[in-house]
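This report concerns the surroundings of two ligands and the annotated positions beside them. The sequence and structure follow.

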Amino acid sequence: MKEHIDSSNLPQHIAVIMDGNGRWAKRQGAARVFGHRNAIKAVREVTEGCAELGVKYLTLYAFSTENWNRPKFEVDALMTLLVHTIRGEIKTLMDNNVRLGTIGNINSLPADCRRELTEAIRETNQNTGLTLLLALSYSGRWDILEATRKLAADVRDGKLTPEQIDETVFDQHLATGGIPDPELMIRTSGEMRISNFMLWQLAYAELYMPDVLWPDFRKAHLYEAILSYQQRERRFGKISEQLVK
Ligand code: IPE
Ligand code: IPE
Ligand code: MG
C-alpha cells in the first residue's frame with residue numbers, strides 16, 4: 001500500500017475531522033469517554049504516518065466551538081484527556097521531529113490545558129519535520145470572524161485600505177496564515193459534512209470520508225486516503241485539457 005504512494009505528488013497539508021469516538025464506544029456497550037480515550041492511538045498513527053511520508057502539515061480537528069455544548073462531564077473528560085495526552089506524547093513528537101501548533105480560541109480552554117500546550121509548543125519549536133496543528137475550540141466561522149475583526153482594526157488604524165483586502169491578505173489573517181490550504185480533508189465515521197471546519201481553507205480540498213470510526217483509524221487508512229487523492233483530477237474550475245500533466 002505505502003509503496004504505491006507517489007512521493008512527488010503528496011498533499012502538503014492534510015486536515016482530519018476525527019469523528020466517531022462516541023459510536024465506537026457505544027458499539028461495545030461502553031461510555032462515550034471510553035471512545036475518546038481509545039482515539040489517542042489513531043492520533044499517533046496518523047501523525048507518525050504523515051511524518052514518515054514527508055507531509056508538511058497535518059491539522060487535526062479535536063474540539064469544535066460547538067462541542068462546548070456537549071454535557072459538562074464529557075467536555076471536562078475531553079479537556080483532562082487533552083492535558084494528559086499532550087504531556088504523554090511529547091516524546092513521540094520529538095522522536096518524529098514534529099512541531100506542534102494550535103488553531104482556535106485557545107484562551108477559552110482551561111488553564112492547565114493552555115499550560116501544557118504552551119510547554120509542548122515550546123519544546124517542539126525547533127523540530128523541522130511535520131507541523132501538527134491541533135484545532136481546539138475551533139470553527140471555520142470563528143476563524144473567518146476573527147480575521148474580519150483583525151482586518152477591520154487594521155483599516156481603522158490606517159494600516160490597510162479596504163481595496164487592499166484581497167484573497168492573499170484575507171488568508172494571512174486567518175488562524176492558518178502562512179500555511180498552505182489542505183489539499184486533502186479526511187472525515188472518519190462515514191458522516192458527509194464539514195461541521196464548521198476550515199470553511200475558507202477547504203474551498204478546493206479533495207474530500208475523503210471512509211466508513212471507519214476514528215479509534216480504528218490506522219496508517220493503512222491514511223495511505224488509502226492519499227492514494228485516492230492521487231487518483232483524482234484537480235481541475236480548479238478548468239477543463240481536463242487545460243491541465244499540465
Ligand atoms: C469525535 O467523536 C470527537 C470529538 C468531537 C471530540 P464524537 O465524540 O463526535 O463521536 P460520535 O460522532 O458521537 O460517534
Ligand atoms: C466535528 O465532529 C468536530 C470534531 C471532530 C472535533 P462532531 O461530532 O462534533 O460533528 P457533528 O455534530 O456530527 O456535525
Ligand atoms: Mg461526532
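How far does a backbone N or O atom of Gly20 lie from an oxygen atom of ligand 1? In this predicted model, the separation between the Gly20 backbone atom and the ligand oxygen is 3.3 Å.

**Ligand 1**

Gly20 is one of several residues whose backbone approaches ligand 1. A polar backbone atom of Asn21 is 3.1 Å from an oxygen atom of the ligand, and for a backbone N or O atom of Arg23 the corresponding distance is 2.7 Å. On its own, ligand 1 has 380 Å² of accessible area, of which the protein covers 86%. The space that ligand 1 takes is the largest pocket.

The residues around ligand 1 are Met18, Asp19, Gly20, Asn21, Gly22, Arg23, Arg32, His36, Ala62, Asn67, Arg70 and Leu78. By character, this shell comprises three nonpolar, five polar and four charged residues. Helix 1 (21-27) and helix 2 (32-37) each contribute at least two residues to it. The greatest contribution comes from helix 1, which supplies three residues.

**Ligand 2**

Ligand 2 also has its place in the largest pocket. Its surroundings consist of Ile17, Met18, Asp19, Tyr61, Ala62, Phe63, Ser64, Asn67, Arg70, Arg187, Arg193 and Ser195. Five of the shell residues are nonpolar, three are polar and four are charged. Strand 2 (residues 57-64) gives the most to this shell, namely four residues.

Polar side-chain atoms approach oxygen atoms of ligand 2 from several residues. For Asp19, an N or O atom of the side chain is 3.2 Å from a ligand oxygen. A polar side-chain atom of Arg70 lies 3.3 Å from an oxygen atom of ligand 2, and one of Ser195 lies 2.6 Å from such an atom. The protein covers 78% of the 390 Å² of accessible area that ligand 2 has on its own.

The polar approaches described for the two ligands are set out below.

| Residue | Part of the residue | Ligand | Distance to a ligand oxygen atom |
|---|---|---|---|
| Gly20 | backbone | ligand 1 | 3.3 Å |
| Asn21 | backbone | ligand 1 | 3.1 Å |
| Arg23 | backbone | ligand 1 | 2.7 Å |
| Asp19 | side chain | ligand 2 | 3.2 Å |
| Arg70 | side chain | ligand 2 | 3.3 Å |
| Ser195 | side chain | ligand 2 | 2.6 Å |

**Annotated positions**

Which residues does the UniProt annotation "active site" cover? The unreviewed entry assigns this annotation to Asp19 and Asn67. These positions span 49 residues in sequence, yet no two of their C-alpha atoms are more than 12.0 Å apart, so they gather at one spot. Both Asp19 and Asn67 belong to the lining of the largest pocket. Asp19 and Asn67 are among the residues around ligand 1, and they also appear among those around ligand 2.

Where in the fold is Asp19 placed? Asp19 occupies the loop between strand 1 (13-17) and helix 1. In the unreviewed UniProt entry, the annotation "binding site" lists Asp19 together with Glu206. Of these residues, Asp19 is included in the lining of the largest pocket. Asp19 thus carries both the "active site" annotation and the "binding site" annotation in the record.

Notes. Residues are numbered from 1 along each chain as its sequence is written. Chains are lettered from A and ligands numbered from 1 in the order in which they are written. This is a predicted model: local features need pLDDT of at least 70, side-chain atom pairs count only at pLDDT 80 or more; totals for chains, interfaces and linings use all residues. Side-chain values use heavy atoms; hydrogens and water are left out. A residue is near a molecule or strand if one of its heavy atoms lies within 4 Å of it. A polar contact is a pair of N or O atoms within 3.5 Å; within protein, one must be able to donate a hydrogen and the other to accept it, and residues adjacent in sequence count only if both atoms are side-chain atoms. Accessible areas come from the Shrake-Rupley method with a 1.4 Å probe; for residues, only the protein chains shown count as cover. On a 1 Å grid over the protein atoms alone, a cavity is a set of points where a 1.4 Å probe fits but cannot get out, and a pocket is an open set with protein on both sides within 12 Å along at least five of seven lines; lining residues have an atom within 4 Å of a point. A molecule sits in a cavity or pocket if more than half of its atoms lie within 2 Å of its grid points. Ala, Val, Leu, Ile, Met, Phe, Trp, Tyr, Cys and Pro count as nonpolar, Asp, Glu, Lys and Arg as charged, and the others, Gly among them, as polar. UniProt positions are given in the numbering used here, feature names are shortened, and annotations may be inferred rather than shown by experiment.
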